[in-house]
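This report introduces selected features of one protein chain. Please keep the sequence and the model in view while reading.

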Amino acid sequence: GSALNASFKLPLGVTCDKTRGFWVADTGNYAIRLVETRRRRVKPAEAIVMRSAGGMGAGISQPGDWSDRAYVNRPSQLAITKDPLGNPRSVAYAEMGVGEDFNTPYARYIPLVGAGIVGPIQTAAGTGVEGWRITTQYSGDQLVKLNSPEGIAVDDSTLFVSDTGNHRLLMVPFVQYRTRGCYKEYMTGAEVYLIPSLEGDSEAELFLTGGPLECAPPDSADDDIVAKRPNAVQECARAAHQKGYRYFAIRCGAVCASSANAGDSYNYLGPSTSCSDGRGAAQANTVYEMVIGHSQDLLGRVYMISGAAFSNGGIPNAAFAGDWRSSWSSSVSSPAQLTYDPGRKNLYIADRGNKRVRAIMGTLGPSPVNQRFKCVNGLNCSVTIKGNALSSKDMISFSRVTSEGVICGRDRFETQFPYETTGIDRSLWATTMAIFSQKEFPLGKLALHTVGDFEICYCYGGELHLCEDHEEYEFPAGRVEISGPNAGHEIRALAGSRFDILLFGHKLTSADSIRLIPAEEPCGQNSTPVPTNITVYWVGCFADDTERDFDVRMPADYLHNTTSCAKACWNYTYIALDGGFCRCGNDYATEPQYERRPVEECGAPCIGEENLEPTRYCGASWRNAVFRIKDNASDPEDIFMYFPEGARSEGNDDYEAWIGAFALRPMDLSICWCNQGGACRDSEDFAVHAGHVLVEGPIEAAREAQAAVRFDILVEGTGGFKSTDRLRLQPADTPCHEAGPADPTLDEALPPDAAPCALSPSSARWCNVVVLYPGDYVVCWCGTGNCAEPADYRVLAQNLTITAPPETLVAEVSGPFYRPPAPVAPLNDSLGWPSMVAAGSEITATISAWTRHGVPGSSSLGPVELHICESPANCLESIPMSSLYIGGFTTRTQVLSAGASDVHPRALWVQSFSDDPWLPEFIDVDFGSGYKRRFPLNRWLVESGSGSAALAEVTS
């Protein structure tokens with residue numbers, strides 16, 4: 001009838017069903033009822049009430065009795081099981097009993113037939129007699145006894161029962177099934193063609209009472225098979241479960257049928273309308289499908305999950321015990337209603353006698369175990385782990401993801417991370433214990449030297465887990481992707497030499513940009529960018545021609561503007577842009593074939609310079625926008641350095657490069673990185689500190705010396721000095737960056753082939769210099785090792801003033817100068833290497849290291865290791881060399897193997913394991929069959945030792 005007009009009496013339980021409405025334990029009316037509000041899509045005023053079970057007063061019902069014709073004595077809490085679509089599958093209830101005659105404490109459930117609200121009543125626990133016994137429930141006195149159970153909850157095929165009077169909680173596995181419908185069965189006598197009978201089966205008869213039964217006409221009224229097996233559906237379900245069958249059927253009122261392939265044939269003859277009360281008919285099967293649940297050995301058993309801590313002769317006592325320990329050794333007092341969280345598998349208990357709400361955690365730690373997080377190296381990072389019963393004592397660690405995977409609790413964690421992140425004082429553990437369904441772990445600003453993907457391993461902290469050993473981080477929580485550049489890049493370069501800014505990392509993209517600032521300033525704040533502006537002077541728009549003097553085209557993967565082109569062409573007089581591509585030249589021809597064209601033909605303003613005045617045109621197809629850049633600024637700092645900024649020149653997921661940087665003086669700079677593409681504009685956007693650029697070389701100084709008097713030139717600076725360094729003298733009115741004409745007098749005073757007579761990590765000395773004529777000069781330095789031309793001496797080392805000598809002085813002669821012995825003839829024709837060494841394969845290589853002389857402070861014969869690599873992370877097997885000769889070759893032949901990945905040989909990595917080894921001048925790598933390359937060496941790339949004067953001298 002109408003829900004608004006219905007009457008209820010002391011209802012103690014209610015549970016929601018999202019497809020129908022809500023079910024009510026109408027305790028005082030001894031009934032279970034459904035208030036249907038959803039299926040009919042009715043207004044609340046139109047909701048109706050339907051009876052599912054009981055409502056007939058107090059009485060005794062047996063398992064198998066149809067629910068709307070059965071007795072339910074004071075039902076308390078209700079719980080429903082659902083199918084994956086949310087439809088109710090069964091209704092469970094705690095029956096407390098009433099009076100002495102009907103004191104029937106049960107935990108029962110009703111498997112709903114079809115989409116209805118009724119079904120056969122089944123017993124999960126209890127004998128109908130008050131008591132406390134608990135053991136396996138197969139038959140007779142072995143059945144568990146209950147005392148006034150008030151609470152019930154369900155997790156799919158498991159019931160949880162508050163055995164209130166016995167101060168305990170029970171867990172009861174039970175079998176579940178759903179109705180597939182009523183279908184015709186073709187029978188001739190006792191022969192069955194679709195689903196065969198299980199009657200008489202040796203395994204099934206353990207569960208089938210009153211059998212074996214047949215679909216034969218009864219000989220008398222006493223031959224009623226329904227009466228012989230009143231709980232036929234449940235018994236047949238247990239029998240089919242024991243056999244491992246998925247489908248079973250009831251026909252003729254009680255006959256049990258099932259087989260391994262019953263699911264393939266039960267509906268062959270089509271549906272029938274003759275089934276009754278879920279028990280089939282004479283020639284029809286009521287077919288059921290098992291719900292996958294517990295294994296065979298669990299069904300029929302009851303487990304006490306709380307109440308065992310204190311007992312008297314086995315009977316639990318009311319007590320409070322077991323917090324933060326196993327529920328199996330805990331105690332409760334008069335537990336009342338329960339609720340179950342299927343997502344986190346937690347059981348919540350109203351522990352009434354202890355005046356607490358308590359929880360038995362079904363799972364601990366992170367959930368799901370495949371959570372994903374992303375952070376950028378160099379920025380603040382935080383991961384928020386979701387899960388169950390996460391506490392303030394928990395901690396996380398990280399292990400690098402490899403092709404073999406990560407096993408938490410076994411694989412050691414990365415020391416790059418601050419793995420102990422909660423910061424809780426362990427002395428407070430006794431009083432501090434908050435529980436979370438998600439927990440944030442702030443990792444702070446990351447500075448990982450090797451970024452990548454990392455598995456997050458979780459430690460569930462407590463008295464038994466201090467989270468100090470990697471074995472305790474046993475719960476997988478997911479992965480964190482750390483993208484961006486590796487921290488700690490150190491790019492060492494020489495003043496006067498072009499170099500590239502190369503960053504390695506993970507998930508690098510074309511949206512990445514850099515900006516260089518003085519090393520003493522922090523990235524991401526209002527920092528001062530290194531001056532990079534160069535003034536350009538507009539010449540005009542001209543038609544292009546293949547013979548034009550602009551013969552140097554600058555490589556780039558992006559379009560230049562006038563600023564970047566001028567920086568790239570810093571030592572030329574003119575630049576020309578055609579469609580954004582940059583060309584450099586020293587002369588500009590004005591012959592008629594290079595006719596001046598209207599400005600509009602030179603295209604639009606260059607990208608990033610749209611608002612500059614005058615307009616910076618970027619040229620177009622066969623049209624050159626020509627600018628003059630020579631002698632255009634008063635501050636040499638503005639002209640004689642170029643550090644590319646903005647978008648990278650080249651790169652991929654693992655590396656990126658900014659090409660063509662240079663500076664004519666020593667500098668110490670920070671590389672600030674941004675991954676926001678065009679949004680990287682302000683200093684605050686470049687917040688990631690990716691490393692340093694250290695430009696080494698002489699620090700400009702001034703000194704005086706007397707003409708015609710021998711003196712030493714001591715060049716001091718930040719490092720990078722080598723025995724191959726050279727100096728050149730020229731008049732002060734010709735700056736070093738503009739190579740002056742040869743001057744025999746000055747070349748005699750300091751010959752171009754004069755080597756340093758003494759070296760230290762921060763200085764080089766040239767001895768016995770004599771300048772004959774007073775005047776102002778500049779001392780120009782070349783540190784590249786290739787100092788054949790005047791233009792190679794770009795770096796100003798000293799401003800030298802030569803004063804007049806005393807009149808009586810006899811002029812001295814320069815020298816002697818130190819000149820190193822002639823080098824071994826170079827390998828003129830370096831040939832290509834093999835394109836690939838396949839994973840797991842081998843190749844033979846011969847390594848020859850030529851050592852001409854030791855650098856100051858060197859005294860060791862090694863060892864060093866050589867690695868032939870595709871990238872720093874992908875190399876062939878290493879080659880050790882431990883006896884480096886002086887004045888000759890050290891040679892070693894070795895069979896090298898590739899690891900798990902293919903290797904495309906591209907580079908040689910030399911690594912020192914000694915503090916002061918000899919320095920090979922060059923290394924030849926010969927794979928045979930004409931595959932041979934030579935690598936000149938002027939510095940160590942990696943130093944594993946603690947450092948020495950020798951290694952520092954060569955900028956280790």
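Where is lysine 507 found? In this predicted model, lysine 507 belongs to the loop between strand E32 (499–506) and strand E33 (513–518).

## Backbone features in loops

Lysine 507 is not a glycine, yet its phi is positive, at about 60°. Its relative accessible area of 39% places lysine 507 between the limits of under 20% for buried and over 50% for exposed, so the residue counts as partly exposed. Aspartate 277, another residue other than glycine, also has a positive phi, near 55°. Aspartate 277 sits in the loop between H3 and E17 and is partly exposed, with a relative accessible area of 31%.

A further backbone feature concerns serine 367 and proline 368: the peptide bond from the former to the latter is cis, with omega near 0°. Proline 368 is placed in the loop between strand E24 (365–366) and strand E25 (371–376).

## Salt bridges

The structure contains 29 salt bridges. One of them pairs aspartate 156 with arginine 89, with 3.5 Å between the closest N and O atoms. This pair links distant parts of the chain, 67 residues apart: arginine 89 is in strand E6 (residues 88–95), while aspartate 156 is in the loop between strand E9 (151–155) and strand E10 (158–163). Arginine 89 is buried, at 8% relative accessibility, whereas aspartate 156 is partly exposed, at 36%.

In a second pair, aspartate 578 and arginine 583 form a salt bridge whose closest N and O atoms are 2.7 Å apart. Aspartate 578 has a relative accessible area of 14% and is buried; arginine 583, at 17%, is buried as well. A third salt bridge joins arginine 623 to glutamate 601, with the closest N and O atoms 2.6 Å apart. Arginine 623 lies in strand E38 (residues 623–628) and glutamate 601 in the loop between strand E37 (581–585) and E38, so the pair ties together parts that are 22 residues apart in sequence. Glutamate 601 is partly exposed, with 27% relative accessibility. Elsewhere, Arg178, Arg180, Arg246 and Glu289 are joined into one network by salt bridges that share partners.

## A nonpolar surface patch

Which residues make the nonpolar surface patch of about 490 Å²? The patch is formed by Tyr186, Tyr193, Tyr268 and Leu269. Leucine 269 belongs to the loop between helix H3 (262–265) and strand E17 (284–290). With a relative accessible area of 33%, leucine 269 is partly exposed.

How values were computed
Residues numbered from 1 in each chain as written. Predicted model: local features only at pLDDT ≥ 70, side-chain atom pairs only at ≥ 80, totals over all residues. Heavy atoms only, no water. Patch = residues over 30% accessible without salt bridge, like charges linked within 9 Å, V, L, I, M, F, W, Y side chains within 5 Å. Areas by Shrake-Rupley, 256 points an atom, 1.4 Å probe, with all protein chains shown as cover. Salt bridge = Lys/Arg side-chain N within 4 Å of Asp/Glu carboxyl O. Helix = DSSP H or I, 4+ residues; strand = E, 2+ residues; numbered from the N terminus. Buried < 20%, exposed > 50% of the residue type's maximum accessible area, 1.4 Å probe, protein only.
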